[in-house]
Amino acid sequence: MIKNKYIYSSGVQRIISVHPAIILMLNTLLLSCILSCSDAPKERGIDSTFIVAPVDTSTLPTRMLRFAKTLKGTPYKYGSTNPQVGFDCSGFITYVFNHFKIEVPRSSAGFTNEGKPVSLAEAQPGDLILFTGTDSTIRTVGHMGIITKVGDSVVFIHSTSGKAFGVTETTLDHYYMGRFVKVIRYL
């Protein structure tokens, strides 16, 4: 749920959690009531003492990526889903998805037959990108990340045991293309 803040002319402030579609419907209803009951000239529109904060209309993948990026710099720790200790690659994915109450497999290999496969050319931010482990001759999934950018180049966020040693964003380069398995849409 998204938290929205409403400030009424009476000075009362309340923070409530409501779905954005309900907020839009209530705002429309309230606006029509104010305009029909107001003594103010209709050309003036809504009473200037009534202020409504904007509704967060960003998509789940956008919010998920925003949250994932706050974890950049978290160290690498094999087998961990704890940001206080560090993450391995699937521990990072698990932590990010669980934050949004979405259950996912705990291991990168567990994603092999999950989600909807999409071509690299059709990939979108929020899609998961799957790789082999460090030995690219073994063509089973052993590493993964979340795509953050597409276009001229594909960028993904992941927890790596490589030289960045932790959560970082990486461009899909020659090295990772050699390990590339597939992209899946999980959301």
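## A tour from the whole chain to Thr74 and helix α3

Of the 187 residues in the protein, 35% are buried, and since what you have open is a predicted model, each stop below describes that model. With the whole protein in view, colour by secondary structure to pick out four helices and eleven strands. If you then switch on the surface, the protein exposes about 10,900 Å², of which carbon and sulfur atoms supply 58%. Among the contacts with a separation of 6 or more, 50% are made by residues 24 or more positions apart.

Next, select Thr74, which sits in the loop that runs between α2 (60-69) and β4 (81-82). Is Thr74 buried or exposed? Its relative accessible area is 10%, and because the cut-off for buried is under 20%, Thr74 counts as buried. Show its side chain and follow it to the backbone oxygen of Leu71, which it reaches at 2.7 Å. Then display the residues around Thr74: once its neighbours within four places in sequence are set aside, the contacts that remain are with Pro83, Gly86, Phe87, Gly166 and Val167.

From there, move to helix α3 by selecting residues 89-99. How many of the eleven residues of α3 are buried? The helix is mostly covered, with eight of them buried, and to see which they are, highlight Cys89, Ser90, Gly91, Phe92, Ile93, Thr94, Val96 and Phe97.

For the last stop, step just past the end of α3 to Lys101, where the backbone takes a positive phi of about 60°.

Terms used. Residues are numbered from 1 along each chain as its sequence is written. This is a predicted model: local features need pLDDT of at least 70, side-chain atom pairs count only at pLDDT 80 or more; totals for chains, interfaces and linings use all residues. Side-chain values use heavy atoms; hydrogens and water are left out. Helices (H or I, at least four residues) and strands (E, at least two) are DSSP runs, numbered from the N terminus. Buried means under 20% relative accessible area, exposed over 50%, partly exposed in between (1.4 Å probe, protein chains only). A polar contact is a pair of N or O atoms within 3.5 Å; within protein, one must be able to donate a hydrogen and the other to accept it, and residues adjacent in sequence count only if both atoms are side-chain atoms. Contact means heavy atoms within 4.5 Å. Accessible areas come from the Shrake-Rupley method with a 1.4 Å probe; for residues, only the protein chains shown count as cover.
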